[in-house]
Amino acid sequence: MATKTYIQAIAEATIEEMERDKSVFTMGEDLRHSVYGATAGLVERFGEDRVLDTPLSENGFFGAALGASLCGMRPIVETVTSFLWVGMDQLISQAAKMRYMFGGQAELPVTFRVRMFYARGASAHHSDRNYPVFMNTPGLKIICPSNAYDAKGLMKTAVRDNDVCLLFEDGIAISSRMEVPDNADLPNGELLVPFGVANIVQPGSDVTIVGIAGGVQHAIDAAKVLEAEGVSAEIIDPRTLVPLDKETILKSVAKTGRLVVVDPAHKMCSAGSEIASIVAQEGFWDLQAPIQVVASEQVNVPYSPALEPLIYPTPSKVVAAIREVLD
Amino acid sequence: MALDKQQLVEMYRRMCRIRYFEEAVIEIHSSGELIGPAHPYIGEEAVAVGACAALRDTDRIAGNHRSHGHPIAKGGDVNRAMAEILGKSDGYCKGKGGSMHLADFSIGILGESGIVASSVPIATGAALAAKLSKQDFVSLVFFGDGASNQGACHESMNMASLWDLPVIFMCENNGYAITTSYKNSVSVDHVSDRASAYGMPGVLIDGQDAIAVWEATNEAVRRARAGEGPTLIEAMTYRFEDHSLGLDKIRKSEYRTQEEVDEAMTRDPLPIHRSAMINQGFATDDECDEIEATVHTEIEGAVEFARNSPYPKPEDLYEDMWATPV
């Protein structure tokens with residue numbers, strides 16, 4: 001078994017799926033020169049027809065991907081969270097709604113690979129963690145891998161799924177490295193991670209920490225700090241937000257009685273607040289303490305290195321939240 | 001290549017089908033039976049019918065909010081269209097789309113769209129699929145003069161020309177974006193003038209003449225199938241009704257003069273096509289009368305069908321969300 005980075009895992013998944021199925025192709029900006037790191041060598045391997053460098057026209061090429069998918073193709077679209085805003089009409093009015101609006105006639109097997117850069121001095125226009133916006137729109141599957149293994153397995157599942165999938169690639173996790181099995185070592189010869197099945201990162205008994213995307217690592221770091229004090233934390237990574245494996249979360253809270261959610265998105269109407277809402281409505285009698293949501297401050301992302309780190313969840317904020325629920 | 005008798009007659013039948021369908025929708029709306037918005041295509045029939053006459057069943061179309069004419073012209077079923085407009089379970093979209101979202105994927109109708117210009121990228125993508133999968137279908141998108149100002153149009157035309165995609169951009173220039181006139185919203189004399197900016201042919205035609213629309217579309221389709229890329233066609237037309245049913249009761253002033261409307265109505269596409277067929281010896285008055293009578297009966301049947309169709313059931317609410325179940 002080899003260790004791979006998150007971004008290598010995404011690249012591998014892309015190559016494997018393009019080799020497996022001729023209807024899979026990639027489109028996006030600057031693919032040939034792999035500006036975002038996951039498309040190097042694709043043109044040489046698959047040719048220009050299957051690796052389309054697009055003009056800077058997100059609304060246009062998001063829509064073109066959708067139109068192509070209606071006619072039997074399976075596009076993988078590479079983009080960045082902040083550019084989703086530019087193509088919002090196609091994402092919301094078409095991608096999310098076409099199938100339902102047309103009474104189930106449309107199949108839209110499009111995977112949007114969305115790089116989520118933040119915490120790197122890029123300021124407000126290039127630091128969006130906007131998956132909660134899309135959770136609020138029925139019709140889109142929202143995938144948030146937190147590590148290389150899930151990135152590969154979820155990406156491959158997304159490409160084979162017949163609905164529109166938005167796969168958010170956490171900009172902090174993309175260079176993280178972990179063991180990802182080679183296909184030859186897998187019983188089915190390939191790595192597929194199903195949607196809607198949470199990963200119990202570590203079992204525990206005192207508190208449940210649900211981490212989303214880059215929030216999972218903060219949960220792991222915080223749990224290590226408190227482990228020294230004898231606190232046993234159960235860490236859950238939902239991996240997909242739509243569909244959401246709420247059963248695993250509720251079951252864990254039933255055991256621990258305490259919940260902390262770590263979400264890099266802005267707090268208001270975040271994935272974290274949705275999970276808190278579900279547990280408050282469906283798991284209230286299991287709770288021993290009020291739920292804590294550690295999410296980004298409700299302020300735009302500032303540029304200065306003196307300010308930007310203040311807004312995101314950190315391990316120490318998670319530690320404080322755990323202390324709060326254990327208090 | 002020219003249209004034969006059978007094609008010309010079928011075009012007339014479809015124009016009548018759209019006209020009477022819309023008249024029935026207006027009647028149903030005025031009786032209070034229709035709850036949602038609807039945008040009559042009356043006056044513009046020659047554009048959809050002339051364009052679709054140049055297409056095959058496997059070719060794809062996409063449209064806009066003025067949404068009943070395009071699918072009927074492509075060969076859509078009036079029963080299912082009317083049932084959809086009434087929100088019934090036998091409708092094209094099982095009552096989930098309504099007037100603005102008629103679609104029939106089985107005959108290449110990829111759906112109408114309530115957001116102006118948003119189906120232009122979709123049709124461009126359909127053409128991209130044809131190219132990438134080396135199939136010989138083309139796609140055609142109907143949009144208005146108002147839509148021509150949306151970025152989606154610009155982006156799509158640039159990509160289509162850049163990649164030589166088999167797509168036909170069919171602009172239905174009816175002179176108004178709801179109430180905003182062409183001259184107050186478009187910077188050039190004609191939308192088709194913009195074609196040169198994308199390096200594609202721009203063709204300006206009389207949109208009241210179905211045969212002229214067919215001729216221009218036929219040439220654009222030939223180009224598209226030959227791999228020569230997209231064409232922008234601008235069909236000059238006019239909507240005889242208001243933008244949407246009931247708008248006259250909401251807006252506070254007139255945006256078109258009665259003289260202008262009356263003048264436009266002297267160029268009704270139905271009598272224009274009927275006369276052309278008769279003058280060229282392709283049909284007689286009696287034959288045309290018979291077509292009209294048959295289509296009237298057909299539309300009465302569609303209204304009956306729609307009224308008798310059951311509403312969707314509450315348990316249908318969550319159906320059709322996902323192709324791969326969650």
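Angles between helix axes under 35 degrees count as roughly parallel, over 145 as roughly antiparallel, 65 to 115 as roughly perpendicular, and the rest as oblique. This is a predicted model, in which local features need pLDDT of at least 70 and side-chain atom pairs count only at pLDDT 80 or more, while totals for chains, interfaces and linings use all residues. Residues are numbered from 1 along each chain as its sequence is written, and chains are lettered from A and ligands numbered from 1 in the order in which they are written.

**First stop: two helices of chain B**

Select residues 5-30 and 285-308 of chain B, which are helix 1 and helix 11 (helices are DSSP runs of H or I with at least four residues, strands are runs of E with at least two, and both are numbered from the N terminus). The axes of these two helices come within 9 Å and cross at roughly 40° (axes are lines fitted to C-alpha atoms, for helices over the stretch in contact, and angles run from 0 to 180 degrees between N-to-C directions). Helix 1 and helix 11 of chain B are therefore oblique to each other. Among the residues that meet here are V9(B) and F21(B) from helix 1, and I291(B) and V303(B) from helix 11 (two residues are in contact if their C-beta atoms, placed from the backbone, lie within 7 Å).

**Second stop: a sheet in chain B**

Now show the five strands of chain B that form an open, parallel sheet in the order 1-2-3-7-6 (two strands pair if DSSP finds at least two bridges between them). Strand 1 (60-62) and strand 6 (202-206) stand at the edges with a single partner strand each, so one side of each has no neighbour in the sheet. Strand 6 pairs with strand 7 (residues 231-236) in the parallel sense over five bridges, and I205(B) can be found opposite A235(B) of strand 7. Then add helix 5 (residues 119-132) of chain B, which lies across strands 1, 2 and 3 and runs at about 170° to strand 2.

**Third stop: the domains of chain A**

Colour residues 2-185 of chain A as domain 1 and residues 199-326 as domain 2 (the bounds come from an automatic or database domain assignment). Their centres, taken over C-alpha atoms, are separated by 26 Å, and 24 residues of domain 1 are in contact with 26 residues of domain 2.

**Last stop: where the chains meet**

Finally, display both chains, whose contact takes 38 residues from chain A and 38 residues from chain B. On the side of chain A that touches chain B, helix 3 of chain A gives the most, with nine residues.
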